[in-house]
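Please walk through this model with the viewer open, selecting each part as it comes up.

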Amino acid sequence: MPEIEFPSQQIAVIDIGSNSVRLVLYRLEGRAIWTMFNEKVLAGLGRDISVTGKLYEPGVEMAMTALKRFAAVIEGVQPDKILTAATAAVREASDGPAFCQRVQNETGLNIRVLSGEEEAKYAAFGVMSGAPHSSGVVGDLGGASLELNRLGTTGQGITLPLGPFVLSGGKDFDAKRIQSRITKVLAGVPDDYRSSIFNAVGGAWRTLAQIQMERTNHPLRIVHQYCISADEARDLADWVISQNRPALEKHPGVSKRRAETLPYAALNLIGLIDRLGIETIRFSAWGVREGILHGQMEPKMRAVDPLLAGCSAWGGRQGVDPALPRALDGWLQPVASALPEVFGEERDALLTASVCRLADIGARLHPDHRPELVFDQTLWAPIAGQTHAERAFMAATLYARYGGTAKTPRPETVDRLLSPDGQKRARALGLAMRLACDLSGRSPQLLSNAAVSVSKTHLRVTAVKGYAAMLLGSQTKRRAKALSDAMELELADF
């Protein structure tokens, strides 16, 4: 898989939402996106908008304090680009233009106020940027609005007045009243938004995902690409609605302000399941901010897979030779082709290419703990474009590459996320990587003078004339024997 070189840059994104005001500093290494700094304030700008038509006054002062700090941080960091966007509250409030002018006067920041359609578009961009193979409908729930968009279309999407601050109308929470309002609004959504898959974007829904992971003891507490069924979502929503606010606040990561919005988010989820025929909810940690970044990228950069790009950028910092990953990928093909297909032919190939980019990530780790450290770093890596099962696969592969045993450091996690065939493929690929790296000293040139082949009954390692003595020694034989055993094959004599 070809590499495309793009310059590294740092971009500051300020997101002025109806509930939160946030600054994120991103480092872009080509298509790979890393979050270097992330700070938010729950200002609640849209808290009273359905009653007053204006921004929440205490929230305005909180937002101004935060934005002055953010401007100072940006002045110190000097990023290559600054992107400042405001969404529903500023867009809908009668004093929104005055707020934008005050921000410019006092901080120098120029705010771009997104239309509802633009907000929906960038939410969809964000989902696709973090998981390019996503399908279905995207729903971005903010404090004052819900944006819907369909993936794979050129449509701009729609915006609906279903944010918690709008639904509350300044009144106490009443589930029946709120559910009736949601049902009425969603009745106007066109039928072509119906989909079996729903991609949930927004802080309130991310918090629901964290609560569900805790309730079910999910082994990998990463929101991005966490999936639940519609029935699980209904059960979660019913549970959230039945809780009082102090009970919700006891959950890790649930603040007082966030606990206030969770019942509204839960009811929205039920309403969307009913109206759109949703069967699976997939949570995305990437949304409007990442979508804005995605919109800034060159078309060639957008086309690069984020998993491959992330692994290339991360592994490239440790690699001995930048040509090794591709050489290793090619060398492994006879082994990869003989192993059971797990994620589909195309996806298996991408995962093989990705782990090859990480072949040297343990180079600067302590040798006594290298397998375990590599396993944990790979499992929890902040690299987009991978499902939870694929994270387990990559971690198990790299664990075997560094000499880990058949039992990984987190067997309960791997067993729940990865099938037996997936575990077999991961271990064999890792052992094949270990064989290739050790026999060649991680030199692409030396590796090209050896080859591995697989038949129905045997695994064979050979070397070109004049290289056998250098490459096919006792250590190579041990590595090859470990691989043949993992593949339940006989090792052919050297």
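Angles under 35 degrees count as roughly parallel, over 145 as roughly antiparallel, 65 to 115 as roughly perpendicular, and the rest as oblique. Axes are lines fitted to C-alpha atoms, for helices over the stretch in contact, with angles from 0 to 180 degrees between N-to-C directions. The model is predicted: local features need pLDDT of at least 70 and side-chain atom pairs pLDDT 80 or more, while totals for chains, interfaces and linings use all residues. Residues are numbered from 1 along each chain as its sequence is written, and side-chain values use heavy atoms, without hydrogens and water.

Select helix α5 (residues 116–130) and α12; helices (H or I, at least four residues) and strands (E, at least two) are DSSP runs numbered from the N terminus. The axes of α5 and α12 lie 7 Å apart at about 85 degrees, so the two helices are roughly perpendicular. Among the residues that meet (contact: heavy atoms within 4.5 Å) are Tyr-122 and Phe-125 in α5, and Val-288 and Ile-292 in α12.

Next, select the sheet. Its 5 strands run in the order β3-β2-β1-β4-β5, open and with mixed pairing; a pair needs at least two DSSP bridges. The edge strands are β3 (32–41) and β5 (112–113). β2 (residues 21–29) and β3 are antiparallel over 9 bridges, and Leu-25 stands opposite Phe-37 in β3. Helix α12 (residues 288–296) packs on this sheet, touching β1, β2, β3 and β4, at about 40 degrees to β2.

Finally, select Glu-390 in helix α18 (residues 388–401). Glu-390 is buried, at 4% relative accessible area (buried is under 20%, exposed over 50%, partly exposed in between, with a 1.4 Å probe and protein chains only). Beyond four places in sequence, Glu-390 contacts Phe-343, Arg-347, Leu-351 and Gly-385.
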